[in-house]
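I'm opening a fresh notebook page for this one. The plan is to look things up step by step and jot down what turns up.

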Amino acid sequence: MKTYKQLSILLVILSFFGCSNDDDNNGNGNQPTNRELLTSGKWYNESVTPGSYNDCEKTGYIQFSDNGTFTIESFDLNAGNCESFGIETGTFTLSNDINISVLFEGETITAVIVTITENSLTITTDEETIIFDKTEG
């Protein structure tokens, strides 16, 4: 009887550890990695704390590529017109699946991914929290 009880307890314990958390999977059994999500298209400015973006600034975006490069286009109002500052490029690295280091115009900026989904990206730097989404404006 003692062996049966120990075996039952062992099976209960194994059932907890043997179950995966793939109940929310995307249909193919594999969750996209943070890198796959990060490089899945343009991320548009949504909000920044402290501060805020105006509607023109919200058309700005960053797009990360699989090869470790990124493209950024920023916009701002100039005499009432929404104008692009041009397209700039740089490189990035993603370590530990959450730490981003961006080399842009000779400066390295580090950030941490707080949350990332297919449609939303929140990062923090030493100075601010920025939220991006997949919707322009």
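**Entry 1: the overall layout**

I started with the secondary structure and got two helices and eight strands for the chain. Going along the sequence, I wrote the order down as α-α-β-β-β-β-β-β-β-β. A note to myself before going on: this is a predicted model.

Next I looked at burial. Of the chain's 137 residues, 26% count as buried. I also checked contacts with a separation of 6 or more, and 35% of those in the chain come from residues 24 or more positions apart.

**Entry 2: who pairs with β8**

Which strands pair with β8? I found β1, residues 42-49, pairing with β8, residues 129-133, in the antiparallel sense over five bridges. In that pairing, N45 stands opposite F132 of β8.

Then I looked at β7, which covers residues 120-124 and also pairs with β8 in the antiparallel sense, over five bridges. Here S120 stands opposite D133 of β8. The link from β7 to β8 is a hairpin through four residues.

A general reminder I scribbled in the margin: side chains in a regular strand alternate between the two faces of the sheet.

**Entry 3: the disulfide**

How many disulfides does the structure hold? I found one. It joins C56 to C82, with 2.0 Å from S to S. The two partners come from distant parts of the chain, 26 residues apart: C56 sits in the loop between β1 and β2, and C82 in strand β4, residues 81-95.

I checked the handedness too. The torsion about the S-S bond of C56 and C82 is about 90°, so I put this disulfide down as right-handed.

Are the two cysteines buried or exposed? C56 has a relative accessible area of 7%, so it is buried. C82 comes out at 40%, so I have it as partly exposed.

**Entry 4: T59, beside the disulfide**

From C56 I moved on to T59, which is found in the loop between β1 and β2. The T59 side chain reaches the backbone oxygen of C56 at 2.6 Å. T59 is also in contact with C82, so I looked up its other contacts: setting aside neighbours within four places in sequence, they are Y44, F75, E136 and G137.

Is T59 buried or exposed? Its relative accessibility is 17%, and the cut-off for buried is under 20%, so T59 counts as buried.

**Entry 5: the largest pocket**

I looked for pockets next. The largest one has a volume of about 770 Å³. Its lining is made of 30 residues, and those nearest the centre are I72, I109, E128, I130 and F132. I had already met F132 in Entry 2, opposite N45.

Which strands supply the lining? I listed β1, β2, β3, β5, β6, β7 and β8, each giving at least two residues. The largest share is from β3, with five residues.

**Entry 6: backbone oddities**

I went through the backbone angles after that. The peptide bond from T49 to P50 is cis, with omega near 0°. P50 is found in the loop between β1 and β2, where I had also placed T59.

Which residues other than glycine did I note with positive phi? One is A79, with phi near 55°. A79 is in the loop between β3 and β4, and its relative accessible area is 78%, so it is exposed.

Another is N96, also with phi near 55°. N96 lies in the loop between β4 and β5. At 66% relative accessibility, N96 counts as exposed.

**Entry 7: R35 on helix α2**

To finish, I went to a helix. R35 has its place in α2, residues 34-38. With a relative accessible area of 29%, R35 is partly exposed.

What does R35 touch, leaving out residues up to four places away in sequence? I noted S65, D66, G68, F92, L94 and D97. I also looked up R35 against T93: they are 58 residues apart in sequence, and their C-alpha atoms are 9.8 Å apart in space.

Notes: Residues numbered from 1 in each chain as written. Predicted model: local features only at pLDDT ≥ 70, side-chain atom pairs only at ≥ 80, totals over all residues. Heavy atoms only, no water. Pairing = 2+ DSSP bridges. Buried < 20%, exposed > 50% of the residue type's maximum accessible area, 1.4 Å probe, protein only. Polar contact = N/O pair within 3.5 Å; in protein donor to acceptor, adjacent residues only side chain to side chain. Contact = heavy atoms within 4.5 Å. Disulfide = S-S within 2.5 Å. 1 Å grid on protein atoms, 1.4 Å probe; cavity = no way out; pocket = protein on both sides within 12 Å on 5 of 7 lines; lining within 4 Å. Points joined across faces, edges and corners; volume = space filled by probe spheres on them.
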